[in-house]
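Please look at the chain and its two bound molecules before reading on. The report below is meant to be followed with the model open beside it.

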Amino acid sequence: MSADEAALKTCHERINLSVAASHQAENGSVTTVSSKESEEATYAFLPPIESTDAHLHEFAEAMRTVGKALRQVAEGKAAAQAEAAEWKRKYESEKAAKAHTHHSVIKGCSNCVKDKLEHLASKLTLETASVDETGCCGNHGICSRQILQDQCTGPNRKSDDRIVGRKVPFRLSWGSNGDKNGQHKHDFVSFEKGDITTAERSNKQIFLKWDSPPQTVLFVTKPNSNSVHALCSEMVRWLKEHNNINIFVEPRVSKELLIEDSYFNFIQTWDNDQEMKTLHTKVDLIVTLGGDGTVLWAASLFKGPVPPVVAFSLGSLGFMIPFYRECLGNVLKRPFTITLRSRLQCHVIRDAAKDEVETGEPILVLNEVTIDRGMSSYLTYLECYCDSSFVTCVQGDGLIISTTSGSTAYSLAAGGSMVHPQVPGILFTPICPHSLSFRPLILPEYVTLRVQVPFNSRGQAWASFDGKGRIQLGPGDALICSVSPWPLPTACLVDSTTDFLRSIHEGLHWNLRKSQALDGPA
Ligand SMILES: NC(=O)c1ccc[n+]([C@@H]2O[C@H](COP(=O)([O-])OP(=O)(O)OC[C@H]3O[C@@H](n4cnc5c(N)ncnc54)[C@H](O)[C@@H]3O)[C@@H](O)[C@H]2O)c1
Ligand SMILES: Nc1ncnc2c1ncn2[C@@H]1O[C@H](COP(=O)(O)OP(=O)(O)OP(=O)(O)O)[C@@H](O)[C@H]1O
């Protein structure tokens, strides 16, 4: 038998098996179809195939192309359906809002609706949310009782006299830390007609638009790299000559550039920490040249507010060299999208300290703070609290408290989830826990975490911040950690979501797998 005949025979055998299986499935019974019968049927069905390997390959290729085309069509359809649903949702919520406005005006409660919803939200406070004697909203802008007493037109609400009783009116307010009257602006939960809905979703994609052209750029560059140094000096020249931009660089880079050419005399730097602390008041934009470590380094220079960062990463440096003028030119002249990357502020509180007043400056991290066993060969033993609630005791190699930006770094390696940088959360990821059930957590961004080394811990623990600056924690010492009010704004290449997905695809090869062959089991 030739190779082609053998291939053809295998092909027919497979078809036989699948025909037999389909017969059984159709009849719903477990009968055996004689393979001879099915073979005859199959041969009757199939046109005579003058098969060769080449034909089979060609056929498989064609099927793959058809498969791809079908998938693209399905994806397109899904996207269109999602868009249509979004438009429908918007239309319906607008319609409902208009209907409600109209209704309330007719009822003579014009001050209930005169302000916009945003204004209503800002008025939602524990202190001001009281109903006046008439049951109307007074001037706080909310009239849930009035709404509930009206004939409601909501989707689930039919006027039915047989139904006795009504929902009790209520109002929602938001607790807030640090502000006595709680008058914070929040995403609001509408509760028209007593139904809680989050139909109003805000788009968190942020655009940055300069009021006037930026004047000062700070360069932060990876050390000991000739290509980075060369690119830095070229960019600095271009920015000065074509845009008359003031340039700041780190003291090390300033020295390097001045040794290279006295042309760089105009470059500014700082001499001490005090001067560095005021940098954010002078710099409009930060350009980083290097990898993720350089962005972490740039973030660590700013203990408070951080100017927007444009990161030219090593992976894209070669690619960027021809385009950096266009890229920087766009950022300097046009609005651009940014991602606000939250940072964590960490305090170490020593047992020796008499009270827990946080006097020292916080350490800010962009990726994570890690508490591990360091050189110790004992398990770390860490007690963890979230606000005033006990979370768990970590017994293992340690714990990572990570930002969402850091979710693709050490936390990922320890089994944590990858989280879009605009999800407001803190990751709580154990390192090699000696327990079968210690799964990683994601906690809301407003909590404060406290990790304490108990007195009965066998060993010490070490905290490190974005992989740097190790601090030893002894029994009784604690690390307090919460989201900093000073995020790192980074310029997007496209937008937050596209950039995030691109980084996990290209940087981490997320879910990369070769496609299955088409000629598998039926
Ligand atoms: N097992 C691990 O995966 C492991 C161990 C130690 C530290 N780290 C990470 O290294 C970081 C310090 O980075 P570095 O460059 O100064 O040290 P480094 O030079 O040792 O680089 C660590 C690697 O982590 C990558 N990385 C850093 N931040 C990242 C992020 N947010 N998303 C995806 N990848 C990221 C870097 O690109 C680099 O390849 C730490 O914050 C920690 O997250 C990871
Ligand atoms: N301006 C700087 N001054 C001092 N150290 C820096 C500076 N920029 C980066 N580093 C340090 O240099 C190391 C390497 O930097 P970086 O991560 O940017 O380069 P890389 O390792 O080549 O790139 P990647 O992170 O993409 O693998 C990091 O540990 C980082 O902390």
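What follows describes the chain as a whole, then its core, some of its strands, and the surroundings of the ligands.

This is a predicted model, and its chain has 522 residues, of which 25% count as buried. The secondary structure of this chain comes to 14 helices and 18 strands. When contacts between residues at least 6 apart in sequence are considered, 63% of them join residues that are at least 24 apart.

The largest nonpolar core has 64 residues, and the members that touch the most other members are Phe219, Val287, Val369, Ile401 and Leu479. Helix α7, which covers residues 226–243, supplies the largest share of this core, namely six residues. The core also draws on two domains, with at least three residues from each of domain 3 (208–339) and domain 4 (344–489). Val369 can serve as an example: leaving aside residues up to four places away in sequence, Val369 touches Leu344, Cys346, Ile401, Ala463, Phe465, Leu479 and Cys481.

Strand β6 (residues 336–341) pairs in the antiparallel sense with strand β1 (residues 206–208) over three bridges, and Phe336 in β6 is the bridge partner of Leu208. Strand β6 also pairs with strand β18 (residues 488–491), again in the antiparallel sense, over four bridges, and here Leu340 has Pro489 in β18 as its bridge partner.

The table sets out the shells around the ligands by class of residue.

| Shell | Nonpolar | Polar | Charged |
|---|---|---|---|
| Ligand 1 | four residues | seven residues | three residues |
| Ligand 2 | five residues | five residues | three residues |

Which residues come nearest to ligand 1? Of the 14 residues around ligand 1, these are Gly293, Ala409, Tyr410, Ala413 and Gly467. The elements that give two or more residues to this shell are α10 and α13 (410–413), and α10 gives the most, with three residues. The shell around ligand 1 draws at least three residues from each of domain 3 (208–339) and domain 4 (344–489), and the largest nonpolar core likewise draws at least three residues from each of these domains.

Around ligand 2 there are 13 residues, of which Gly290, Gly291, Gly293, Thr294 and Trp297 come nearest. Two or more residues of this shell come from each of the elements β2 (216–221) and α10 (292–300), and the largest share, five residues, comes from α10. Gly293 is thus listed among the nearest residues for ligand 1 and also for ligand 2.

How values were computed
Residues numbered from 1 in each chain as written. Chains lettered and ligands numbered in written order. Predicted model: local features only at pLDDT ≥ 70, side-chain atom pairs only at ≥ 80, totals over all residues. Near = placed C-beta within 6 Å. Nonpolar A, V, L, I, M, F, W, Y, C, P; charged D, E, K, R; others polar. Buried ≥ 20, exposed ≤ 12 C-beta atoms within 10 Å, placed from the backbone. Contact = placed C-beta atoms within 7 Å. Core = buried A, V, L, I, M, F, W, Y, C linked by C-beta atoms within 7 Å. Domains from an automatic or database assignment. Pairing = 2+ DSSP bridges.
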